[in-house]
Amino acid sequence: MTMVSIANPSRFLRLAEILVPTLAALTAVFLGVGLYLSLFVAPPDYQQGETVRILYLHVPAALLITLIYLVMVSAALGTLVWRHPLADAAQKAAAPLGAGFTLLCLGTGAIWGKPMWGTWWVWDARVTSVLVLFLIYLGLVALWRTIEDPGRAARAAAIFTLVGAVDLPIIKFSVDWWNTLHQPASILRSGGPTIDPSMLGPLVVMLIAFILLFTTLLLIAIRNEILRRRLRRLSILAADRGEPRPVSTSAWSAAYEP
Amino acid sequence: MSHDPHFGYIIAAYALALVIVASMAASLLADYLRLKRALAAFDHQEPASQDETSSAPDKEL
């Protein structure tokens, strides 16, 4: 099956019927194993003690939010270059998920920072650039809600997404370019990971679990967006024929609420 | 682990993650059910619209 055939919305809906429960089950398995390894098997850090266990949430979330943005950049190119409606749906679906996982990253970072750095927050280059990414995600969600026509909203969001991509290298290299309180890269670095295997293992399992979780939620969100657009189209056709609203006010709003 | 002086921070971090992930999943599933109900209401009133929901042109979703 080619990517083009999967990108057909009707085929995507049929594929999602199979993939969503499968990925949800895989997510549950990896999340269960990852949480067990993170909380009960991984050793305490020699400096941080047990507080290191917060990083099994924070680090996968931090890696995931960059990945989510790369997915959105791909979807934005799909919108602008190929004008594919499924790319529009993917863009719109990924933005709130990106915001959610970035909030998780910032929140767990703050909770870890209080006992380790002595403060909930610092205007450090890494932390601030991730906050900017959070604001970009929120801005994209707001943009989708502001423009009623989905096609126009998709093009505006795609341009905003591509412009916002400038924050990704800043996030990645901020710890190298500036003297930051945040520690430098310890996993994705040219010399290989510097973390002990007893801690790297649980981190990798949690990262896979987070990626699976995001993929599952993204598929559900894209499916919702396809259904919303079909409902909107049916509502417009019914209105054109002068028929009364066939559905309740709440269902009517489901078609139009972004 | 429970005797660690920072045990409360660890619990808070995992609780925050649970709340955020559960909120995202619940809102998506609620949205899905609402949309399915709305589409079913259309189908109920106008069976002819069934074709439009199942074979809409690809470019219009």
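I take two residues to be in contact if their C-beta atoms, placed from the backbone, lie within 7 Å. The model I am reading is predicted.

Entry 1, A:V41. I looked up this residue and found it in helix α2 of chain A, which covers residues 9–41. Is A:V41 buried or exposed? I count 11 other C-beta atoms within 10 Å of A:V41; the cut-off for exposed is 12 or fewer, so A:V41 is exposed. Setting aside neighbours within four places in sequence, I find A:V41 in contact with A:Y36 and A:P202. I also checked A:M199, 158 residues from A:V41 along the chain, and the two C-alpha atoms are separated by 9.1 Å.

Entry 2, the largest nonpolar core. This core has 75 residues, and I note that A:A61, A:I65, A:I68 and A:F101 touch the most other members. Among the helices that each supply at least two residues are α3 (55–82) and α4 (85–117) of chain A, along with α1 (7–45) of chain B. I find that α8(A) gives the most, with 18 residues. For A:A61, not counting residues up to four places away in sequence, I list A:F101, A:L104, A:C105, A:T108 and A:F210 as touching.

Entry 3, α3(A) against α6(A). The two axes come within 9 Å and cross at roughly 135°, which makes α3(A) oblique to α6(A). I record the crossing as left-handed. On the α3(A) side I find A:M72, A:V73, A:A76, A:T79 and A:L80; on the α6(A) side, A:A154, A:R155, A:A158, A:T161 and A:L162. I sort the residues of this contact into seven nonpolar, two polar and one charged.

Notes
Residues numbered from 1 in each chain as written. Chains lettered and ligands numbered in written order. Predicted model: local features only at pLDDT ≥ 70, side-chain atom pairs only at ≥ 80, totals over all residues. Helix = DSSP H or I, 4+ residues; strand = E, 2+ residues; numbered from the N terminus. Buried ≥ 20, exposed ≤ 12 C-beta atoms within 10 Å, placed from the backbone. Core = buried A, V, L, I, M, F, W, Y, C linked by C-beta atoms within 7 Å. Axes fitted to C-alpha atoms, helices over the stretch in contact; angles between N-to-C directions. Parallel < 35°, antiparallel > 145°, perpendicular 65-115°, else oblique. Left-handed = near helix turned anticlockwise from the far one by under 90°. Nonpolar A, V, L, I, M, F, W, Y, C, P; charged D, E, K, R; others polar.
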